[in-house]
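The following paragraphs lead through one protein chain, from its overall make-up to the detail of a single sheet. Please keep the sequence and the structure in view while reading.

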Amino acid sequence: MQKFTTKIVNMMKAERLYETQGGPIILSQIENEYGPMEWELGAPGKSYAQWAAKMAVGLDTGVPWVMCKQDDAPDPIINACNGFYCDYFSPNKAYKPKIWTEAWTAWFTGFGNPVPYRPAEDLAFAVAKFIQKGGSFINYYMYHGGTNFGRTAGGPFIATSYDYDAPLDEYGLLRQPKWGHLKDLHRAIKLCEPALVSGDPAVTALGHQQEAHVFRSKSGSCAAFLANYDQHSFATVSFANRHYNLPPWSISILPDCKNTVFNTARIGAQSAQMKMTPVSRGLPWQSFNEETSSYEDSSFTVVGLLEQINTTRDVSDYLWYSTE
């Protein structure tokens, strides 16, 4: 772990990729969703998490380190959220930024299961809700879908397609309207920047399931997020002596506290569908059969369990155990 992490950090430093070197990397992450594992292991798990954090900080990347799903991340590590919604999340110290390291655009595809799909409206709603509640950073998982090959799929019964209903699909094509809707969302959030970075919002109830989050700066900038949490009904709300019509389960963004420039449920981006077209020549493809070894072929006796890939040298998916 330490050797691998050190090697990667040194490679990044050699290419001057960290922000403090003039590069694009503004955050580093150590471990991934280790918190639930730590809870299962108890004291040894907690000790490991503390060691990993200290080791990472000692590499002196010059940028902050994050640990996702790690509620007890020690200073100066920033604990972060992964999930479909992270507006409820708060870091373990008030002076740490509220970071969403994995905003799930959908889910992976399992063999025999329906292909997962997440509406662009719901994803935009989740992101806007996170921002209106003080969120400062969002990383989409996945923003660009991909394809696994051979035995590199992400787990049991996970298909080799890792498209994830991402804004850019596994072929690198725009998935509309999701890509365009998120682009419009972030353009609207950018317009709110002067007010957003000036402090926490003032929250006002506009109805039973409606509320306003208002950000103001000392220079006079104002931005408002008007939310309707009712999943079934439209709502007309009054805000700053004006009336606004909010679709169900949506948030309207007002960069000047007056004019709506974006609503998460109203898609302005053009829809598009991908069409597969046969090529003039057949594409090459291969298949292979993997025979299971019999007990007599290569059996041996050992005390305890073995690590499968090292034992099989990755030439087989099969490693049979029998006990006496």
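Two strands are said to pair if DSSP finds at least two bridges between them. The model to which this criterion is applied here is a predicted one.

The broad features of the chain come first. Its secondary structure consists of 8 helices and 14 strands, and the C-alpha trace extends over about 85 × 55 × 45 Å along its principal axes. Of the 324 residues in the chain, 39% are buried, that is, they have under 20% relative accessible area. The accessible surface amounts to about 20100 Å², with 55% of this area belonging to carbon and sulfur atoms. When contacts between residues at least 6 apart in sequence are considered, 49% of them join residues at least 24 apart. The chain carries 27 positive and 32 negative charges, and the mean positions of these two sets lie 11 Å apart.

Attention may now turn to one sheet. This open sheet is formed by 5 strands in the order β8-β9-β10-β13-β14, with antiparallel pairing. The edge positions are taken by β8 (202–205) and β14 (262–263); each has a single partner strand, and therefore one side of each is left without a neighbour in the sheet.

The partner of β8 is strand β9, which comprises residues 210–216; the two run antiparallel and are joined by 4 bridges. At the level of individual residues, A202 has V214 in β9 as its bridge partner.

Definitions and conventions: Residues numbered from 1 in each chain as written. Predicted model: local features only at pLDDT ≥ 70, side-chain atom pairs only at ≥ 80, totals over all residues. Heavy atoms only, no water. Buried < 20%, exposed > 50% of the residue type's maximum accessible area, 1.4 Å probe, protein only. Contact = heavy atoms within 4.5 Å. Areas by Shrake-Rupley, 256 points an atom, 1.4 Å probe, with all protein chains shown as cover. Lys, Arg positive; Asp, Glu negative; His and termini not counted. Charge placed at Lys NZ, Arg CZ, Asp CG, Glu CD.
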